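Colleague: I am new to this structure and would like to go through it with you step by step. Please take my questions in turn and show how you reach each answer.

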Amino acid sequence: MIRPLTLATASLCTLALLPLAACGGKDTPATTQGAGDHDHDHDHDHDHDHDHAAGGTAPGAAAPSAPADDHSHGTTTELGEQESGGFKIKASRAGDIKAGGDAPIDVWVTGGAKIASVRFWIGTEDAKGSIKAKAELEGDHWHTHAEVPEPLPAGAKLWIEIEAEGGAKTVVGFAL
């Protein structure tokens, strides 16, 4: 009796993992827009195989110079600060930007309307050839790992889209 139960459990576990293989191991399958190109737009509410320390200050508080992680993504590079749509937006990235890799991104957003979601991508403003990643609020900042397109377009930037409750969107770009 143990063998059929073990086989059934293994089969169910295998079936549960199949959707994860749809987009390079990410949790949301790709929706391509054209044959041969990798231009799609979807959110990754993906875990990136490590935990971030809880804590920090409340949203809207002064932004620290580095994330409150209990681990390192590499050297932090401050990307600057901008004001747009009533928001004050500060961004940083960790490590090097490598085509085909990912970049840990942290963004602090203060002011403005209540935020419904924040998305990041690297590439061009229209996101062609890029993947938008939905960020998670971690303490006082938004964090995700943005996928870096391969090839990396000339003049590529980090783009941040802030969607307020009610649907109004603000988009800003930072030089990498």
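Colleague: Which residue in β5 is the bridge partner of Phe120?

Modeller: Please keep in mind throughout that this is a predicted model. Strand β5 covers residues 133-134 and pairs with β4 in the antiparallel sense over two bridges. Within β5, the residue that bridges to Phe120 is Ala133.

Colleague: How confident is the prediction, and what is the average pLDDT of the protein?

Modeller: The confidence should be read region by region, since pLDDT stays under 50 over residues 4-70, although the model has 99 contacts beyond four places in sequence for that stretch. Across the protein, 59% of the residues score at least 70, and the average pLDDT is 73.

Colleague: What pattern of helices and strands does the protein follow along the sequence?

Modeller: The protein has one helix and nine strands. Read along the sequence, these elements give the pattern α-β-β-β-β-β-β-β-β-β.

Colleague: In what order do the strands of the five-strand sheet stand?

Modeller: At the edges stand β1 (76-84) and β6 (136-138), each with a single partner strand, so one side of each has no neighbour in the sheet. The twist from one strand to the next averages 30 degrees. The sheet is open and its pairing is antiparallel, and the five strands follow the order β1-β2-β3-β7-β6.

Colleague: Within that sheet, which residue of β3 stands opposite Ser92?

Modeller: The strands concerned, β2 and β3, pair in the antiparallel sense over seven bridges. Opposite Ser92, the residue in β3 is Asp106.

Colleague: And in what order do the strands of the four-strand sheet stand?

Modeller: Here the edge strands are β5 and β9, each of which pairs on one side only. Between β4 and β8 the pairing is antiparallel and runs over eight bridges. This sheet, too, is open, and its antiparallel strands follow the order β5-β4-β8-β9.

Colleague: Which residue of β8 stands opposite Ile115?

Modeller: Two positions help to follow the pairing of β4 with β8, which is antiparallel over eight bridges. One of them is Ser117, which stands opposite Glu163 in β8. The other is Ile115, and its counterpart in β8 is Ala164.

Colleague: How many of the nine residues of β4 are buried?

Modeller: For the protein as a whole, 36% of the 176 residues count as buried. Strand β4 is mostly covered, and the number of its nine residues that are buried is eight.

Colleague: Which residues have the most contacts inside the largest nonpolar core?

Modeller: This core has 21 residues. The elements that give two or more residues to the core are β2 (87-94), β3 (102-111), β4 (115-123), β7 (141-147), β8 (157-164) and β9 (169-175). One of its members, Ile160, is in contact with residues including Ile89, Val107, Val118 and Phe174, leaving aside neighbours within four places in sequence. Those with the most contacts inside the core are Phe120, Leu158 and Ile160.

Colleague: Is Ala127 buried or exposed?

Modeller: Ala127 has its place in the loop between β4 and β5. Its phi is near 65 degrees, a positive value in a residue other than glycine, and most residues other than glycine have a negative phi. The relative accessible area of Ala127 is 5%, which is under the cut-off of 20%, so Ala127 is buried.

Colleague: Which residue follows Glu150 across a cis peptide bond?

Modeller: Most peptide bonds are trans. The exception to look at here has an omega near 5 degrees. The residue after this bond is found in the loop between β7 and β8, and that residue is Pro151.

Colleague: What separation do the C-alpha atoms of Leu152 and Thr124 have?

Modeller: Leu152 is also found in the loop between β7 and β8, and with a relative accessible area of 34% Leu152 is partly exposed. Not counting residues up to four places away in sequence, Leu152 touches Ile97, Ala99 and Ile122. Thr124 lies 28 residues from Leu152 along the chain, and the separation of their C-alpha atoms is 9.4 Å.

Colleague: Finally, how much of the exposed area do carbon and sulfur atoms supply?

Modeller: The protein exposes about 9,600 Å². Of this area, the share supplied by carbon and sulfur atoms is 54%.

How values were computed
Residues are numbered from 1 along each chain as its sequence is written. This is a predicted model: local features need pLDDT of at least 70, side-chain atom pairs count only at pLDDT 80 or more; totals for chains, interfaces and linings use all residues. Side-chain values use heavy atoms; hydrogens and water are left out. Buried means under 20% relative accessible area, exposed over 50%, partly exposed in between (1.4 Å probe, protein chains only). Accessible areas come from the Shrake-Rupley method with a 1.4 Å probe; for residues, only the protein chains shown count as cover. A nonpolar core is a set of buried Ala, Val, Leu, Ile, Met, Phe, Trp, Tyr and Cys residues joined through side-chain atoms within 4.5 Å. Contact means heavy atoms within 4.5 Å. Two strands pair if DSSP finds at least two bridges between them. Axes are lines fitted to C-alpha atoms, for helices over the stretch in contact, and angles run from 0 to 180 degrees between N-to-C directions. pLDDT is the predictor's confidence in each residue, from 0 to 100.
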